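User: Could you walk me through how the helices in this model pack together? I would like short answers with the reasoning shown.

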Amino acid sequence: MWEAIGQGICIMGIAASKGSVALFLLRIVLKRWHIAILWFCIVSTTVLCIITTTLLYTQCVPSAFLWDQTIKGGYCWLNFTEVGLTMGAWSASMDFVLALLRT
């Protein structure tokens, strides 16, 4: 149970960290297209993190089946590995975008 809670916090931490770097960069960039890219990074990462966190906690029925596989009748309808890999790939790509805009 604590692992699932920690994973949700970490996923939302991705959005917070990317958002804070992007907001910092918004203060120093001058070109309009830089501003648009930074807002795209903020919004898309935040939305994807919210979706990923929601799927993390709703992937099993009942939710407690996620950490207690002995619950009778419980099942997981989603392979979260694919969702996690997608979120990780998006996060890495946003890191590169933010690094490129910094230079």
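Here are some questions on helix packing, burial and one peptide bond.

User: Before we start, what kind of model is this?

Analyst: Residues are numbered from 1 along each chain as its sequence is written, and side-chain values use heavy atoms, with hydrogens and water left out. Local features need pLDDT of at least 70, side-chain atom pairs count only at pLDDT 80 or more, and totals for chains, interfaces and linings use all residues, since the model is predicted.

User: How many Å does α3 span between its end C-alpha atoms?

Analyst: Happy to start there! Helices are DSSP runs of H or I with at least four residues, strands are runs of E with at least two, and both are numbered from the N terminus. The expected span is 1.5 Å times one less than the number of residues. For the 23 residues of α3 that gives 33 Å, and the end C-alpha atoms agree, being apart by 33 Å.

User: Are α1 and α3 roughly parallel or roughly antiparallel?

Analyst: Their axes come within 11 Å and cross at roughly 15°; axes are lines fitted to C-alpha atoms, for helices over the stretch in contact, with angles from 0 to 180 degrees between N-to-C directions. Angles under 35 degrees count as roughly parallel, over 145 as roughly antiparallel, 65 to 115 as roughly perpendicular and the rest as oblique. The two helices are therefore roughly parallel.

User: How many charged residues does the contact of α1 with α3 have?

Analyst: Contact means heavy atoms within 4.5 Å. From α1 the participants include Ile11, Lys18 and Leu25, and from α3 they include Met87, Asp95 and Arg102. Asp, Glu, Lys and Arg count as charged, Ala, Val, Leu, Ile, Met, Phe, Trp, Tyr, Cys and Pro as nonpolar, and the others, Gly among them, as polar. By class there are 10 nonpolar residues and one polar, and the charged ones number three.

User: Is α2 roughly parallel or roughly antiparallel to α3?

Analyst: Here the axes are 10 Å apart and the packing angle is about 160°. That makes the relation of α2 to α3 roughly antiparallel.

User: How many charged residues does the contact of α2 with α3 have?

Analyst: On the α2 side, the contact includes Phe40, Thr45 and Leu48, while Met87, Trp90 and Met94 are among the α3 residues. By class, 16 are nonpolar, four are polar, and the number charged is zero, that is, no charged residues.

User: Is threonine 45 buried or exposed?

Analyst: Good one to look at in the viewer. Threonine 45 sits in helix α2, and leaving aside neighbours within four places in sequence, its contacts include Ile14, Lys18, Met87 and Trp90. Its relative accessible area is 1%; under 20% is buried, over 50% exposed and in between partly exposed (1.4 Å probe, protein chains only). Threonine 45 is therefore buried.

User: And what is the relative accessible area of threonine 86?

Analyst: Threonine 86 lies in helix α3, where the buried residues include Val83 and Met87. Threonine 86 itself is partly exposed, with a relative accessible area of 48%.

User: Which helices are among those that cover the buried residues of α3?

Analyst: The residues to cover include Phe80, Met94, Leu98 and Leu101. Their cover includes α1 and α2.

User: Last one: is the peptide bond from valine 61 to proline 62 cis or trans?

Analyst: Proline 62 is found in the loop between β1 (60-61) and β2 (75-76). The omega of the bond from valine 61 is near -10°, and the bond is cis.
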